[in-house]
Amino acid sequence: METPRHWRLKKQRYALIGEECPHCSAKIFPPRDVCPECGLEAKTAYQFSGKGEVFSYTTMNDAPAGFQDHTPYSIALVKLEEGPIVTAQLTDLGDEKIRIGMPVEMVTRKLRNDGDERGAILYGYKFRPVL
Amino acid sequence: MKLLRPEKPVGIIGYGAYIPRYRIKASEIARVWHGSAEATPIKEKSVPGPDEDTITMSIEAARNALARAGIPANQLRAVWIGSESHPYAVKPSGTIVAEAIGADVSISAADFEFACKAGTEAIVAGIGFVGSGMAPYVLAIGMDTAQGKPGDVLEYTASAGGAAFVLGATDEALATIDSVYSYVTDTPDFWRRQTERYPEHSQRFTGEPAYFKHIGNSLQTYLDETGTKASDYNYVVFHQPNAKFPQKIAKEFGFTKEQYAAGLLSPQIGNTYSGAVMLGLSAIFDIAKPGDRILAASFGSGAGSDTFSMTITDKILSRREKAPLTQTYIDRKTEIDYAMYARFLNEIALR
């Protein structure tokens, strides 16, 4: 179990909260307190809209520990409306085929258990086709 | 005076629905357990995806409700979730939902449990919180991923979904709440012991001594105490464990199909337990006009029923489109077979 790490990351994971640079207005995700665009300090919390599009994707048939029960599943690079690209699972695809440029929106879902089914349930962002 | 009526008038300022994408046909469940051609209580039911539970579904409904309410989440003073499928036995669902929607730390967060009426229970408590002046806004949610033992009659209907409501002062409300009546007895119709995975029910107790007696008494008392009659309401919504029970109680009280059809979702999505009356209300709010009066009666096994009425205001017109309509979630569907359903619900042991 890694309780402290998951507890520390909950804001960004549950609600896609990153940072906005007070100097150059760049939107930053994941939050890292230093602006990757201008190199100055950036600690202002910023709530991303959760809207974006699939930049690229792949399908996982051989999953890492904790995710095996859900194979096959798709992982995408999602380009957020505000600029940053995040890696996340796609969900609720139903019969829809994934395509590059597909509009997606953020939802908060179960990611996995911390350890086995006795551990905490870890929640976080995934993306689905726009409703 | 049997009615529950707050000192300050209270209304609903935002509402939001959530129904998962997946559906299984009742005929598919009948095929697996009984062969074909058995009469089924509904057409199809919603099934949660493998990464969904009461917490994730509550988060989406709450975000929809806040979008319609037009208030920031940090103004809420309570986040209450009614469900009989809280993911944890110990650790409140409300804590995670509150964090995810951006609520402040100065809140009350609690999980309500009263079988299928846990959602309206949270609304009733919220009316008290807001109506006493203790809090400006309360978020009350009814949400379930209902359990039905494979092969049991409940498996046809036990489904997933629910809705969230933001309660606040009537000057901001899209619907004002008139009053509430709550009726409770000790009735052994349905239960689930602490560590059991599936509920038990005592067959014929489900109908007359449980559902019909409690909703009947709750509704009759409410009508008597308020001096109103069935024809005074434009819409009515009842707890809907199947398609038959709510239509039977509607007819007994003289409600017409025009009054109950909009809020009757069980034939298409099943019994969402704590979410059922809440979703029916959300579907009614999606089409109601200012001035319309709505009557709602929940039922929770154990057993009890809450009846309350609301009057729609003109604020509904500008808020309705600020979040997805209930019908949008009903129409977004992917049918799955029993094998995929069993996999989604973790019925297949992999280790």
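**Two sheets and a contact between chains A and B**

I'll start in chain B, where strand β8 (residues 175-184) and strand β13 (residues 304-312) form an antiparallel pair over nine bridges. Before going further: this is a predicted model. Within that pair, B:Val184 has B:Gly304 in β13(B) as its bridge partner.

Now the sheet that holds these strands. It is an open sheet of nine strands in chain B, and the order is β5-β4-β6-β7-β1-β8-β13-β12-β11. The pairing is mixed. At the edges stand β5 (108-112) and β11 (235-238) of chain B, each with a single partner strand, so one side of each has no neighbour in the sheet. On average, and ignoring direction, neighbouring strands here are turned by 20 degrees against each other.

Two helices of chain B go with this sheet. One is α4 (residues 118-131) of chain B, which packs on the sheet and touches β1 (10-18), β4 (78-82), β5, β6 (138-145), β7 (160-169), β8 and β13 of chain B. The direction of α4(B) makes about 175 degrees with that of β6(B). The other is α9 (residues 276-285) of chain B, lying across β1, β6, β7, β8, β11 and β12 (293-297) of chain B. Helix α9(B) runs at about 65 degrees to β7(B).

Over to chain A. Here five strands make an open sheet, in the order β6-β5-β4-β7-β8, and the pairing is antiparallel. Which strands stand at the edges? They are β6 (85-89) and β8 of chain A; each has a single partner strand, so one side of each is left without a neighbour in the sheet. From one strand to the next, the twist averages 30 degrees.

One pair from that sheet in detail: β5 (residues 73-80) of chain A pairs with β6(A) in the antiparallel sense, over five bridges. Opposite A:Ile75 stands A:Gln89, in β6(A).

Last, the contact between the chains. How many residues does each chain give? Chain A gives 17 residues and chain B gives 20 residues. On the chain A side, the elements with two or more residues in the contact are α2 (10-15), β7 (103-113) and β8 (121-129) of chain A. Of these, β7(A) gives the most, with four residues. By type, the chain A side divides into six nonpolar, four polar and seven charged residues.

From the other chain, helix α2 (residues 54-69) of chain B lies across β7 and β8 of chain A. This helix of chain B runs at about 155 degrees to β7(A).

Key:
Residues are numbered from 1 along each chain as its sequence is written. Chains are lettered from A and ligands numbered from 1 in the order in which they are written. This is a predicted model: local features need pLDDT of at least 70, side-chain atom pairs count only at pLDDT 80 or more; totals for chains, interfaces and linings use all residues. Two residues are in contact if their C-beta atoms, placed from the backbone, lie within 7 Å. Ala, Val, Leu, Ile, Met, Phe, Trp, Tyr, Cys and Pro count as nonpolar, Asp, Glu, Lys and Arg as charged, and the others, Gly among them, as polar. Two strands pair if DSSP finds at least two bridges between them. Axes are lines fitted to C-alpha atoms, for helices over the stretch in contact, and angles run from 0 to 180 degrees between N-to-C directions.
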